[in-house]
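Got your viewer open and ready? Let's take a walk through this one, stop by stop.

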Amino acid sequence: MTTLTPVLTKNWDLPNSFTLEGYGDYSAARSALAMDPDAIIQAVKDSGLRGRGGAGFPTGMKWGFIPQGDGKPHYLVVNADESEPGTCKDIPLMMANPHSLIEGVIITAFAIRANYAFIYIRGEVVHVIRRVQAAVREAYEKGYIGRGVFGSGYDLEIVVHSGAGAYICGEETALLDSLEGFRGQPRLKPPFPAVAGLYAAPTVVNNVESIASVPSIVANGAEWFAGMGTEKSKGFGIFSLSGHVTRPGQYEAPLGITLRELLDMAGGIREGHRLKFWTPGGSSTPIFTDEHLDVPLDFESVGAKGSMLGTRALQIFDETTCVVRATLRWTEFYAHESCGKCTPCREGTFWLKQVLKRLEKGQGTEDDLTTITDIADNILGRSFCALGDGATSPIYSSVQHFRDEYLKHFEIGGCPFDPALATVWGAK
Amino acid sequence: MTYSPEVRERLELDAKEIIGKYPKARSALLPLLHLVQSEDGYVSDAGQEFCAEMLGLSKAEVVGVSTFYTMYKRKPAGDYHVGVCINTLCAVMGGDQIWEELSEHTGIGHEEATSDGKVSLERIECNAACDFAPVMMVNWEFFDNQTPESAKQLVDDLRAGKPVVPTRGPGRLCTFKETSRVLSGLPDELAGEGPSAAGPSLEGLRIAKANGWEAPK
């Protein structure tokens with residue numbers, strides 16, 4: 001049996017967890033500053049930490065791509081634009097434990113030889129922004145950041161930057177454009193941000209949880225971190241359970257835990273109901289069903305079953321939920337958030353939405369199922385960035401697992417589900 | 001329309017402080033647009049002109065950016081801007097019903113404001129609080145675990161001027177303009193208020209403690 005491993009969530013129940021007093025003395029950052037920066041990068045490589053923002057790219061390797069001795073300024077940008085539907089881990093983390101992020105920023109910036117770091121937080125969470133602003137202020141006052149960090153010769157400025165409402169800015173190059181004061185649209189890669197990122201200088205863009213995990217690696221060692229999780233998906237991560245589950249919430253566990261184990265801890269599916277479908281890592285990851293309860297939630301195992309670990313955003317839906325309605329809603333989201341830069345995504349999501357609306361109303365035909373998968377074929381792999389690819393995940397996976405449910409809609413000329421039964425109060 | 005000299009002088013001081021944080025001035029554009037909303041409640045014509053002047057951009061460049069982001073309002077938001085999450089999970093858990101009843105109750109739709117200017121409504125996408133579904137936001141503060149009844153009561157209270165407190169946030173609710181100022185990078189003094197975490201955020205930790213589970217030493 002896998003058990004929970006609170007590290008980042010460990011102090012969240014303290015009333016002052018968001019202050020220095022409730023966090024600690026930045027001892028990991030102090031010891032990091034006494035290290036050779038390359039040794040820090042090596043330690044993070046050895047730990048096996050992979051990006052916690054969804055893609056799972058090895059964090060230490062990303063840092064290693066920053067050219068050293070190039071005479072250019074280097075930048076660290078924290079991607080705190082958490083907006084993937086279902087994903088709700090970075091927001092409570094920054095609200096309850098912002099100092100873990102700031103300590104991670106110090107270590108990371110020092111390792112990649114950056115003197116400027118930005119924390120780009122989505123704008124729609126003002127109290128989280130206040131908490132991070134206050135924590136940064138506290139760190140400045142203590143001399144943990146600013147001129148001469150911890151009395152060393154190392155300088156680091158941290159800027160907390162609020163976004164303004166655009167899911168696409170979670171894509172790292174769109175985020176950089178947004179941070180430079182432009183519309184948040186993705187850039188052509190290569191060059192990758194490690195070579196030409198913010199202001200065309202070498203830049204590391206990392207997710208909040210990735211950076212916040214770094215102090216624990218420095219403090220406890222790469223082996224400690226690598227001792228948790230699976231062979232290729234090491235360490236712990238926050239699993240976010242939401243939807244038709246008895247006790248939704250944040251569960252910090254080693255990668256490789258299963259939904260069955262998590263549901264046991266969370267009191268199971270809400271009383272009197274059963275699991276129908278779920279996302280392993282947000283709406284951009286193909287849906288799973290009750291066949292997948294025992295799939296280890298690590299990058300490789302979830303991938304082998306045709307989905308992606310993503311952000312470990314486990315959105316749970318029981319048998320009262322119409323999968324066509326769910327897919328339509330996600331599709332409307334992608335159409336709304338498509339930045340318009342590339343045609344497959346801009347036009348494709350628009351047309352998917354039109355056809356799905358028809359299908360949900362029971363006015364479609366079986367040909368429409370071919371149409372939506374054809375449209376998806378023209379988005380997947382043909383879009384400028386991963387937003388378009390993500391939009392196709394609910395389409396393919398819902399048709400694959402629930403074709404009959406689509407058919408049922410136009411057999412009876414409407415939706416066979418009563419949405420009232422799926423609500424929180426409808427179950428009572 | 002332009003700002004009066006007094007307003008202009010005050011905004012310029014704020015703008016210079018914000019611009020000074022960035023290695024390149026244009027990075028301050030999004031914060032400055034939030035600053036404009038803290039003055040006008042929306043990205044006014046005068047405000048966008050002001051941003052352009054402060055950053056040495058054309059007004060078209062500023063408008064090209066402001067129209068891209070949903071948090072910048074093209075017409076005045078209410079003093080209390082109310083969002084109802086209608087992304088899949090919240091919608092299924094009751095957000096759709098909340099939206100329908102709230103829109104009917106107030107007589108306004110998406111991105112519209114009540115005639116008294118107190119409340120505006122928006123259908124919002126996922127706000128990263130799915131474990132508290134159905135979720136609403138007022139001036140970008142969390143109002144978790146809503147029902148149609150609680151939502152209507154909330155809006156009635158806001159319109160009547162009764163005190164309303166977020167579920168995870170400070171002890172008082174800021175106006176849309178006050179909130180916009182914080183978003184521009186000029187903090188208020190409310191960070192210390194409210195819980196560290198609450199409810200579902202603590203569920204895993206609670207279970208770990210009850211079972212004596214810890215990360216390896």
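**Stop one: four cysteines in chain B**

Start by selecting Cys85(B), Cys90(B), Cys126(B) and Cys130(B), which an unreviewed UniProt entry lists under "binding site". These four span 46 residues in sequence, yet no two of their C-alpha atoms lie more than 9.6 Å apart, so they gather at one spot. Keep in mind as you look around that this is a predicted model.

Now pick out Cys90(B) and colour the helix it belongs to: that's H5, residues 88-106 of chain B. Is Cys90(B) buried or exposed? With a relative accessible area of 4%, Cys90(B) is buried. Show what surrounds it: setting aside neighbours within four places in sequence, Cys90(B) is in contact with Cys85(B), Gly95(B), Asp96(B), Ala133(B), Pro134(B) and Val135(B). Cys85(B), in that list, is also one of the four you selected at the start.

Next, click on Cys130(B). You'll find it in a loop of chain B, between strand E3 (119-124) and strand E4 (136-138). Cys130(B) counts as buried too, at 4% relative accessibility. Which residues does Cys130(B) touch, leaving aside its neighbours within four places in sequence? Turn on chain A to see: the contacts are Gly86(A), Thr87(A), Cys88(A) and Ser242(A), along with Leu89(B).

**Stop two: the two domains of chain B**

Zoom out and colour chain B by domain: domain 1 runs over 5-66 and domain 2 over 80-176. Taken over C-alpha atoms, the centres of these two domains of chain B are 29 Å apart.

Then select Asp79(B), in the loop between helix H4 (59-66) and strand E1 (80-85) of chain B. At 36% relative accessibility, Asp79(B) counts as partly exposed. Beyond its neighbours within four places in sequence, Asp79(B) is in contact with Gly117(B), Lys118(B), Val119(B), Asn139(B), Thr175(B) and Phe176(B). Want a distance to draw? Try Asp79(B) to Ser184(B): they are 105 residues apart along the chain, and 17 Å separates their C-alpha atoms.

**Stop three: a cavity in chain A**

How many cavities of 30 Å³ or more does a search of the whole structure find? There are three, and the largest has a volume of about 60 Å³. To frame that largest cavity, select its lining residues, among them Ile168(A), Pro186(A), Lys341(A), Phe384(A) and Leu387(A). The lining also includes Cys339(A), Cys342(A), Cys345(A) and Cys385(A). Sorted by class, the lining has eight nonpolar, three polar and one charged residues.

How values were computed: Residues numbered from 1 in each chain as written. Chains lettered and ligands numbered in written order. Predicted model: local features only at pLDDT ≥ 70, side-chain atom pairs only at ≥ 80, totals over all residues. Heavy atoms only, no water. Helix = DSSP H or I, 4+ residues; strand = E, 2+ residues; numbered from the N terminus. Buried < 20%, exposed > 50% of the residue type's maximum accessible area, 1.4 Å probe, protein only. Contact = heavy atoms within 4.5 Å. 1 Å grid on protein atoms, 1.4 Å probe; cavity = no way out; pocket = protein on both sides within 12 Å on 5 of 7 lines; lining within 4 Å. Points joined across faces, edges and corners; volume = space filled by probe spheres on them. Nonpolar A, V, L, I, M, F, W, Y, C, P; charged D, E, K, R; others polar. Domains from an automatic or database assignment. UniProt positions renumbered as here; feature names shortened; annotations may be inferred.
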